[in-house]
Amino acid sequence: MLLEIVIALVVGALLYQFVFRRKDETLPMGDGWWGAGQRHDDENEDIRPFTIETSEEELNDLFHRIDTTRFSDPLEGSRFNYGFNSNHLRKVVSYWRNNFSWSKQLEILNKYPHFKTKIEGLDIHFLHVKPVNLPAGRKAKPLIMVHGWPGSFYEFYKIIPLLTDPASHGLSEYFEVICPSIPGYGFSEASHKLGCNSVAVARIFYKLMQRLGFRLFYAQGGDWGSLICTNIAQIAPSNVIGLHLNVVFALSPKLPVVLSVFLGQHFPGLFGFQDEDVRRMFPFVKKVFHQTVKESGYMHLQATKPDTAGCGLNNSPVGLAAYILEKFSTWTDPAFCDHEDGGLERKYTLDDLLTNVMIYWLTGSIVSSMRFYKENLGRGIGKAKHDKIPVIVPTGIASFPNELVHCPLLWAKQKHHNIVSFNYMPRGGHFAAFEEPEILAQDIQQFVKKVEQKLECNK
Ligand SMILES: *[C@@H]1O[C@H](CO)[C@@H](O)[C@H](O)[C@H]1NC(C)=O
């Protein structure tokens, strides 16, 4: 009897999909201007080389603030379960103050060419890394890679060589990589106007790629980068050859998705669930619902009162480090909550983690980075036009086991109508490029090969 009800529901769901599904449409490109004051259209469109530099004064100010930090003692035995453990924070801060060499990190940061250019009233920062030892007759594929929060372009430093110099790493596809900073993050100017959301940033990055002469390109992203790249594919589907994501936001009220939540554990086959999907998603209340509530407090704050929540962080480097690095603990592996040191150095070095914090600190960009949640989620989740429009460009999904919310193929398909690769990655969490550059690079490579083969066949 139960099976019959299930079959009836699924047939109903398919009919519903078939009858009510919206016709494919593209997202309007729109237009915007986010500079200070009155709009002016005589913008200088030069692409200017940029080098990250820091003054003695800025560093002395940082050290002074670190030295005058007030710590609170952690609860005994709390490890990382109450947030960043302050005993461990003291150790991280001592390393920052006494061992971390900013001048060494600056050298690393500046080893790739940086640029800035004005788009829609904002000075947009980006890395532009050309292929190394490109064999004669081969063409590198342009690839835009977009970071998220609380990350930065620095997340891509270990994956860039795997993509621009593949031969030295046993890989074959050559890329020319563009990593922009989202407006209000790091060295990209923050919007001065309300409403600079993911679609506006997608348009700005699309304009950036056009300005650089890349009519056709690939796009890759996780976190906000995933949404921004998806939006680029929606506003300019004929310019994006392929879209590769390591996070998919596909919360959907569609019937098959809803049914899969209730019935997927017992009838996985009906929803195309693999054992791995069941392992990652069920029991649903514990693995998805509780986990989401537990980990999303920051999002509610940032999507409602970012300026209040960010005020203290922009004044205290130690507060900022705790706020940012806690995410690099829990979002890398939820089990790291039970480690005294948050497991931070299991996957990252303190040098890399603190470099990302320094990018936020020196640019004073934490508040503007937090505002992006308000611009995108302030009116409710799933309400924007882009949420309701499918993505038609070839899409590849690398699904990492410790990602915050697992998105099975069935859910992803509701939005991405042309998925050419969907892989369960063997290890890794939310910061895929930063944590597991090799397996992410391999996944991007195999995806691009598949897309290129299809293009060949269709010629
Ligand atoms: C940090 O520097 C101090 C003093 O220079 C040294 O004793 C200590 O071993 C260093 N710690 C690390 C983790 O490098």
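This passage describes the cavities, a pocket, the salt bridges and a nonpolar surface patch of a predicted model.

Internal voids are considered first. Rolling a probe the size of a water molecule over the atoms shows where empty space is left. In the present model, three cavities reach 30 Å³ or more. The largest of these cavities has a volume of about 90 Å³. Its lining consists of 14 residues, and those nearest the centre are Val146, Glu155, Phe156, Gly222 and Asn246. By class, the lining of the largest cavity comprises six nonpolar, six polar and two charged residues.

The second largest cavity has a volume of about 80 Å³. Among the residues that line this cavity are Asn246, Val247 and Val248, together with Arg280. The lining also includes Ile397, Ala398, Ser399 and Phe400, as well as Glu403, Val405, His406 and Cys407. Strand E8, which spans residues 395-399, makes the greatest contribution to this lining, with three residues. The lining of the second largest cavity divides into seven nonpolar, three polar and two charged residues. Asn246 appears in the lining of the largest cavity and also in that of the second largest cavity.

Open space was examined as well. The second largest pocket has a volume of about 410 Å³. It is lined by 20 residues, of which Lys193, Leu194, Gly195, Arg371 and Glu375 are the closest to its centre. Two or more lining residues are contributed by helix H12 (306-313) and by helix H16 (366-377). H16 provides the largest share of the lining, five residues. The lining of the second largest pocket contains eight nonpolar, six polar and six charged residues.

Charged pairs are treated next. The model contains 21 salt bridges. In one of them Asp73 is paired with Arg90, and the closest N and O atoms are 3.4 Å apart. Asp73 is placed in the loop between helix H2 (56-67) and helix H3 (86-98), whereas Arg90 belongs to helix H3; the two residues are 17 residues apart, and the pair links distant parts of the chain. Asp73 has a relative accessible area of 64% and is therefore exposed. For Arg90 the relative accessibility is 36%, so this residue counts as partly exposed.

A further salt bridge joins Lys141 to Glu173, with 2.9 Å between the closest N and O atoms. Lys141 is part of strand E4 (residues 141-146), while Glu173 is found in the loop between helix H5 (160-164) and strand E5 (175-180), so the salt bridge ties together parts that are 32 residues apart in sequence. Lys141 and Glu173 are both buried.

The salt bridge between Arg280 and Glu276 has an N to O distance of 2.8 Å. Both residues belong to helix H9 (residues 275-281), where they are four residues apart, about one turn of the helix. Arg280 has a relative accessibility of 10% and so counts as buried, whereas Glu276 is partly exposed at a relative accessible area of 21%. Salt bridges with shared partners also join Asp31, Arg39, Asp41, Glu120, Arg203 and Lys207 into one network. Arg280 takes part in the salt bridge with Glu276 and is also one of the residues that line the second largest cavity.

At the surface, Leu255, Val258 and Phe262 make a nonpolar patch of about 270 Å². Leu255 is located in helix H8, which covers residues 255-263. The relative accessible area of Leu255 is 31%, so the residue is partly exposed. Because patches are made of residues with over 30% relative accessible area, Leu255 at 31% passes this cut-off.

The loop between H8 and H9 holds Leu270. With a relative accessibility of 39%, Leu270 counts as partly exposed. Leu270 is separated from Glu173 by 97 residues in sequence and by 37 Å in space, C-alpha to C-alpha.

Technical notes: Residues numbered from 1 in each chain as written. Predicted model: local features only at pLDDT ≥ 70, side-chain atom pairs only at ≥ 80, totals over all residues. Heavy atoms only, no water. Patch = residues over 30% accessible without salt bridge, like charges linked within 9 Å, V, L, I, M, F, W, Y side chains within 5 Å. Areas by Shrake-Rupley, 256 points an atom, 1.4 Å probe, with all protein chains shown as cover. Salt bridge = Lys/Arg side-chain N within 4 Å of Asp/Glu carboxyl O. Buried < 20%, exposed > 50% of the residue type's maximum accessible area, 1.4 Å probe, protein only. 1 Å grid on protein atoms, 1.4 Å probe; cavity = no way out; pocket = protein on both sides within 12 Å on 5 of 7 lines; lining within 4 Å. Points joined across faces, edges and corners; volume = space filled by probe spheres on them. Nonpolar A, V, L, I, M, F, W, Y, C, P; charged D, E, K, R; others polar.
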